Amino acid sequence: MGTNPNTDSKTIEIQRSNLGRALVLHPVLRGVETVRSPEASLEEAVGLAAAIGLEVAQAAVVKVSQPRPATLLGGAIEQQARLIDEAGEAGEAIDLVIVDHALTPVQQRNLERAFGAKVIDRTGLILEIFGARARTHEGQLQVELASLTYQKSRLVRSWTHLERQRGGFGFLGGPGESQLELDRRLIGNRIVRIRRELDDVRRTRGLHRKARAKVPYPVVALVGYTNAGKSTLFNRMAGADVFAKDLLFATLDPTMRQVVLPSGRKVILSDTVGFISDLPTHLVAAFRATLEEVQSADIILHVRDIAHPDTEAQKADVEAILADLGIDPERDPRVVEVSNKIDLLAGAERDAALARAGRDGNACALSAATGERLDTLFRILDGRMTAGRELVELDVEHGDGATLAWLYAHGEVVGRRDDDSHAHLHVAIEPAMLARLGHPGQGHAAA
């Protein structure tokens with residue numbers, strides 16, 4: 001097949017899918033500076049398509065010297081349309097074109113007409129992945145809210161010959177009659193109902209957090225770019241079997257497990273949805289309830305794929321989302337940077353990664369896949385649990401066995417004197433942990 005000097009194409013071999021064959025295009029707009037290389041962005045877009053099980057027939061970086069409001073791609077359309085036609089003539093029809101960029105409804109419609117194939121943009125593809133992956137009721141609600149918000153401006157669709165009905169939200173298959181019959185008012189009403197349900201979810205999560213505060217165990221939240229290895233690290237730390245695969249957005253629904261540190265102290269480990277560059281604003285808003293778990297965490301582990309060529313750009317994307325949540329990664333003492341996948345590094349690269357982590361008390365380098373240097377992370381967590389302990393004096397009624405047991409489990413009782421009604425304790429304990437005790441009036445504390 002022919003090539004265009006302004007287009008770099010490559011064939012991606014992925015197992016066949018019943019969703020059809022896809023062409024992935026990453027536009028490079030003239031005058032728009034990006035942190036990532038076009039090739040890295042294209043590779044990520046192909047990974048997103050693979051995550052939903054699509055067969056990617058072709059993938060191309062498309063240089064657009066003059067973006068056009070009607071189509072975005074401008075003169076590059078003709079070359080890609082010829083490629084689609086040639087594939088069809090060879091019996092390898094391309095059913096779907098994925099544009100790794102935000103498209104307006106008008107641009108999407110015009111591109112579908114020009115290509116004679118279904119077109120979705122980056123937002124639609126990510127929403128489709130989330131729609132297929134959500135398992136919990138909360139996750140499904142959050143994705144549906146994001147999807148309906150996205151669809152609301154795209155009710156008039158020009159592409160009608162693909163009438164497949166499938167899971168997810170139908171961005172990949174044809175719109176179907178049910179989609180075409182959707183009414184703005186009905187979507188608006190559904191959005192209101194979902195938001196009401198999500199408000200209930202937030203209240204429930206708040207109650208759960210209060211319940212954990214009374215247990216109480218510190219919460220350690222894992223955050224990071226998608227496919228950085230968060231779920232693998234979660235499994236390694238918790239001895240769990242959370243789904244973990246070399247796949248973008250392998251984890252969507254938050255998962256929590258209790259972890260016992262080497263010192264015997266217990267923490268609650270929370271795995272969260274992966275972040276990604278240009279995460280659709282619909283999703284950031286919809287997943288606010290889930291991300292509140294990160295905001296309220298006692299320790300935040302920022303897991304990085306240190307072996308990825310775009311690791312610095314990925315770090316910047318994660319930190320931007322954390323900043324949007326009100327968390328300053330540079331100044332917030334809760335944030336610990338975890339450089340993962342050192343097993344994929346060798347020689348000078350590996351030495352440099354270990355040296356960087358060693359210089360920073362808020363960082364460590366390890367391999368979640370092999371468990372190498374996991375003990376370093378546990379030591380950091382244990383250190384955080386014991387740092388800043390203060391000696392306090394507490395008077396606890398003898399009948400309050402739960403409080404006495406809690407103090408022995410979460411503090412260091414260095415002295416005790418008993419009378420007829422109370423145990424008078426001297427306890428070395430972190431102020432944050434003492435605040436979790438939550439028994440006002442039952443005793444007093446003094447430094």
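When I call a residue buried this morning, I mean that it has under 20% relative accessible area, and I should add at once that what we are looking at is a predicted model. With that cut-off in hand, let me begin with strand β9, residues 299–305, where seven of the seven residues are buried, so the strand is largely enclosed by the rest of the structure.

If you look at the directions in which its side chains leave the strand, I299, L301, V303 and D305 point one way, while I300, H302 and R304 point the other way, and all of them are buried. Which strands, then, are joined to β9? Strand β6, residues 219–224, runs parallel to β9 and is joined to it by five bridges, and within that pairing A221 has I300 as its bridge partner. Strand β10, residues 335–340, also runs parallel to β9, with six bridges joining the two, and here L301 is partnered by V336. To get from β9 to β10 the chain passes through helix α11, residues 311–324, and this β-α-β crossover is right-handed.

Let me now turn to another strand, β4, which covers residues 96–99 and which has both of its faces covered, since L96 and I98 on one side are buried, as are V97 and V99 on the other. Strand β2, residues 21–29, pairs with β4 in the parallel sense over four bridges, and the bridge partner of A22 in β4 is L96. There is also a parallel pairing, again over four bridges, between β4 and strand β5, residues 118–121, in which V99 stands opposite D121.

The connection from β4 to β5 brings in helix α3, residues 105–115, and together β4, α3 and β5 form a right-handed β-α-β unit. Which residues of α3 are buried? They are Q107, Q108, L111, E112 and F115, and, seen down the axis of α3, these buried residues fall within an arc of 135°, so they line one face of the helix. As a reminder for anyone new to helices, an α-helix has 3.6 residues a turn, so residues three or four places apart point the same way.

As for what covers those buried residues of α3, the list includes the strands β2, β4 and β5, together with the helices α2, residues 76–89, and α5, residues 137–151. Finally, α3 is followed by G116, a residue whose phi is positive, near 65°.

Technical notes. Residues numbered from 1 in each chain as written. Predicted model: local features only at pLDDT ≥ 70, side-chain atom pairs only at ≥ 80, totals over all residues. Heavy atoms only, no water. Buried < 20%, exposed > 50% of the residue type's maximum accessible area, 1.4 Å probe, protein only. Pairing = 2+ DSSP bridges. Right-handed = clockwise from strand over helix to strand, strands pointing away. Arc of directions from axis to C-beta. Contact = heavy atoms within 4.5 Å.
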